[in-house]
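Work through the exercises below with the sequence and the model side by side. Try each task before reading its solution.

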Amino acid sequence: MRITRRTLALSATALAGSLLAPLAFAQKQYDPGASDTEILLGIPMPLSGPVSGYSIIGKVAEAYFARLNAQGGINGRKVKLLMYDDQYSPPKTVEVARRLVEQDQILAWFSSLGTASNMAIQRYMNAKKVPQLFLQSGASQFDNARQYPWTTPMLGSYRGEGKVFASHIAAHKPGAKVAILMQNDDLGREILKGLQEGLAGKNASLVAQATFEVTDPTVDSQIVQLKASGADVLVLASTARTTAQALRKAAEIGWTPERYVNIAGASVKMAMEPAGADKAKGAITLAYYKDPGSKAWDNDPEMKAYKELLKTYAPGVDPLNSSGVTGYVAAQLMAHVLRECGDKLTRENIRNIASNLKNPKVELLLPGVTIANSAEDLHAVAAMQPVRYNGVDMEPIGKVESLK
């Protein structure tokens, strides 16, 4: 074949193209659950069972991503959210995890509810190297970057929450006798541990404790037992249904201790109002987001945007139920991580970004509350605001407290 200058030029162009093609291809990296057009995520929720009220978390997350997709998605990709019922039951959560990972092949899992349920799958998710992100739990078992690097909790430390309660009790009620009603799992045990550590050496003491199972129909007998201890402070480490029962029963038997409620059980709509506003009034808890039921935020631009989101994409969801905001925050964090990944949508990259958050922009956080974590402390919520139920909504008391 006769070689001409034109032949050499064409050959050089073809060679350059063949060399550049792998480089162009390398710019995009995908693991299962990601493609040029779609990102597949899993989000188990208790759509039925004893804490089904918390399914609002998943419904709000669905609404958030529906709006995001309508706006073009994330880096040109639509987010597909698979939500299955795990009934707040660890065996069921295991079943759901296997389905999402092995059959659906999700890119990542996020915002699942409960300490026991997440503990049941933590080893499996880490063995499969699938990100288990922004868990609705503050248990210390999820803060172990060395053993479980694929797990990241969203809530602030339960142990830290117990310490903040202890500090507040010692400062505002010297000589207090403290009783705790605690869920018989790591949620209860973590808050108890923080409470004990925080009270050590202080002018207040823990005098009684009682446990319950999440499936127990009532906690009436436990409240009667704790009243008999002579305690004048009651700490509740419980989810919303039990919180309502405990506050109501204490009032019915004429027991009026100062009451502290862990954040997981302090919803106005799901705990305080069912207990009876008069019976729950004065209860103290911690908060990290603006309460949609509070008139203080009626004219807040972020709150208006949140309520408009629900009106358009989740019309069946109660916009005043504050538990929905936890789904909104978790969805924003998940979207932030995916945006930061760009075209490198690998599970390893997602894991790395999710465990090194540096105060990303998140709507509806209370002033002074920050989102930050690292391998040294994986809990995403770094601080919370003490608040008191005034019979209508939560009002801030004191300064924002660090949970680190």
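**Exercise 1. The whole chain**

What percentage of the 404 residues of the protein chain count as buried?

Solution. Start with the ground rules. This is a predicted model, in which local features need pLDDT of at least 70 and side-chain atom pairs count only at pLDDT 80 or more, while totals for chains, interfaces and linings use all residues. Residues are numbered from 1 along each chain as its sequence is written, and side-chain values use heavy atoms, with hydrogens and water left out.

Next, fix the term. Buried means under 20% relative accessible area, exposed over 50%, and partly exposed in between (1.4 Å probe, protein chains only). By that rule, 55% of the 404 residues are buried.

Now add the outline. The chain has 13 helices and 15 strands. These are DSSP runs numbered from the N terminus: helices are H or I with at least four residues, strands are E with at least two. The C-alpha atoms fill a box of roughly 105 × 45 × 35 Å along the principal axes.

Last, look at the contacts (heavy atoms within 4.5 Å). Of those between residues at least 6 apart in sequence, 69% join residues at least 24 apart.

**Exercise 2. Helix α3**

Describe helix α3 and find what its buried residues pack against.

Solution. First, the length. Helix α3 covers residues 90–104, 15 in number, and spans 20 Å between its first and last C-alpha, close to the 21 Å expected at 1.5 Å a residue. The expected span is 1.5 Å times one less than the number of residues.

Second, the buried set: T93, V96, A97, L100 and V101. They sit on the same side of α3, because they cover an arc of only 115° around the axis. The arc is that of the directions from the helix axis to the C-beta atoms.

Third, the other side. There P91 and Q103 are exposed.

Fourth, the partners. The buried residues pack against β2 (38–42), β3 (78–82), β4 (108–110) and α4 (115–128).

Finally, step past the end of the helix. Q105, just after α3, has a positive phi of about 55°.

**Exercise 3. A glycine in β2**

Is G42 buried or exposed, and which residues does it touch?

Solution. G42 belongs to strand β2. Its relative accessibility is 0%, so G42 is buried. Leaving out residues up to four places away in sequence, G42 touches L82, L100, I106, A108, W109 and F110. L100 is also among the buried residues of α3.

For contrast, take G201. This glycine lies in the loop between α6 (186–199) and β8 (204–212). Its relative accessibility is 86%, so G201 counts as exposed.

**Exercise 4. Helix α11**

Which residues of α11 are buried, and why do they line one face of the helix?

Solution. Check the span. Helix α11 (residues 301–313) has 13 residues, which should span 18 Å at 1.5 Å a residue; its end C-alpha atoms are 18 Å apart, in agreement. The buried residues are E302, M303, Y306, L309 and L310. Seen down the axis they fall within an arc of 115°, so they line one face of α11. The face turned away carries the exposed residues P301 and K311. On the buried side, the packing partners are α2 (56–70) and α12.

**Exercise 5. Core and pocket**

Which helix gives the most to the largest nonpolar core, and which residues are closest to the centre of the largest pocket?

Solution. A nonpolar core is a set of buried Ala, Val, Leu, Ile, Met, Phe, Trp, Tyr and Cys residues joined through side-chain atoms within 4.5 Å. The largest has 133 residues; L41, F65, F110, M154, V235, Y288 and M334 have the most contacts inside it. Helix α12 (residues 323–341) gives the most, with eleven residues. Beyond four places in sequence, M334 touches L41, F65, A108, F110, L133, F134 and I350.

Turn to the pocket. 38 residues line the largest pocket, and the closest to its centre are I263, S267, Y289, S322 and T326. β11 (284–287), α12 and β14 (394–396) each supply at least two lining residues. On a 1 Å grid over the protein atoms alone, a pocket is an open set of points where a 1.4 Å probe fits, with protein on both sides within 12 Å along at least five of seven lines; lining residues have an atom within 4 Å of a point.
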